[in-house]
Amino acid sequence: MAISNKKRKILLTTGNKSEMSVGYATLYGDMAGGFAPIKDVPKLLVYRLCAWRNRLAPVIPQRVLDRPPSAELAPDQKDEDSLPPYALLDPILERYIEQDRSVDSIVAEGYDPAAVQRIAMLVDRNEYKRRQAPPGVRITQRAFGRDRRYPVTSGYQNFQKDRPF
């Protein structure tokens, strides 16, 4: 940000929708900047877009794409140490956020109840962090912010019958 301010150039952030959903985009890392071009792009789609771009001309080093995702808050930390793999996380997030489905209806599709409940809790609890993010491009049906907001004050919790947290 200091370089951005000094050179009067906008800094692009790197946080994607999957990370933003569950609080794995860091305020002073992935979210530091003035514009978030991929804040509404799920992690698996980010990888597909990178592969597409590299087919045009290789600009993204393969080691970057092969490295396990990590918020890098601790040595040797990987996102999968505390989250399901993105191949499982992204479909659950799509159902919960984009389709506004309940925990019970997602579990009824065969997803692990504990994982779905935990992911839904992370999404709801991290609204405060998403509100601190810079603006970005909307590409999905329900982007965070205008399309999906969750209260952050007064200890609000959604007490729907099928949402136990």
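Let's start with Arg118: setting aside neighbours within four places in sequence, Arg118 touches Ser82 and Leu83. Keep in mind that we're looking at a predicted model here. Arg118 belongs to helix H7. Now take one of those partners: Leu83 is 35 residues from Arg118 in sequence, yet their C-alpha atoms are 9.3 Å apart in space. And is Arg118 buried or exposed? Partly exposed, because its relative accessible area is 35%, and that falls between the 20% cut-off for buried and the 50% cut-off for exposed.

Okay, on to the rest of H7. The helix has 13 residues, and at 1.5 Å a residue they should span 18 Å; the end C-alpha atoms are 18 Å apart, so that agrees. Which residues of H7 are buried? They are Ala115, Val116, Ile119, Ala120, Met121, Leu122, Val123 and Asp124. And what do they pack against? The buried residues of H7 meet H2, H5, H6 and helix H8, which is 127-130.

That brings us to the core. The largest nonpolar core has 20 residues, and the ones with the most contacts inside it are Val22, Leu83, Leu89, Leu93, Ile119 and Val123. Helix H5 (86-98), helix H6 (103-107) and helix H7 (113-125) are the elements that each give two or more residues to this core. Let me zoom in on Val22. Again leaving out neighbours within four places in sequence, Val22 is in contact with Leu83, Leu89, Leu93, Ile119, Leu122, Val123 and Asn126. You'll recognise Leu83 there, one of the residues that Arg118 touches.

Next, H5. Ten of its 13 residues are buried, so H5 is largely enclosed by the rest of the structure. Have a look at who they are: Tyr86, Leu89, Asp90, Pro91, Ile92, Leu93, Arg95, Tyr96, Ile97 and Glu98. Their packing partners are H2, H3, H6 and H7.

H3 tells another story, so to speak. It runs over residues 43-56, and its 14 residues should span 20 Å at 1.5 Å a residue; the end C-alpha atoms are 21 Å apart, which agrees. The buried residues in H3 are Lys43, Val46, Cys50 and Asn54. Why do we say these sit on the same side of H3? Because they cover an arc of only 70 degrees around the axis. Flip to the face turned away from that buried side, and you find the exposed residues Arg48, Arg55 and Leu56. As for what covers the buried residues of H3, that includes helix H2 (17-22), helix H4 (62-66) and H5.

Now some rings. Lys43, from the buried set of H3, lies over the face of Tyr86, 5.3 Å from the ring centre. Another lysine, Lys17, has its charged end over the ring of Phe144, at 5.5 Å from the centre. How many aromatic pairs are there? The count comes to zero.

Last stop, the loops. Asp76 sits in the loop between H4 and H5, and has a positive phi of about 60 degrees although it isn't a glycine. Asp76 is exposed, because its relative accessible area is 71%. Then there's Asp100, in the loop between H5 and H6. It comes just after H5 and takes a positive phi of about 55 degrees. Asp100 counts as exposed too, because its relative accessible area is 56% and the cut-off is over 50%.

How values were computed: Residues are numbered from 1 along each chain as its sequence is written. This is a predicted model: local features need pLDDT of at least 70, side-chain atom pairs count only at pLDDT 80 or more; totals for chains, interfaces and linings use all residues. Side-chain values use heavy atoms; hydrogens and water are left out. Rings of Phe, Tyr and Trp (its six-membered ring) pair if their centres lie within 6.5 Å; planes under 30 degrees apart count as stacked, over 60 as edge-to-face and the rest as tilted. A charge sits over a ring if NZ of Lys or CZ of Arg is within 6 Å of the ring centre and within 35 degrees of the ring normal. A nonpolar core is a set of buried Ala, Val, Leu, Ile, Met, Phe, Trp, Tyr and Cys residues joined through side-chain atoms within 4.5 Å. Buried means under 20% relative accessible area, exposed over 50%, partly exposed in between (1.4 Å probe, protein chains only). Helices (H or I, at least four residues) and strands (E, at least two) are DSSP runs, numbered from the N terminus. Contact means heavy atoms within 4.5 Å. The expected span of a helix is 1.5 Å times one less than its number of residues. The arc is that of the directions from the helix axis to the C-beta atoms.
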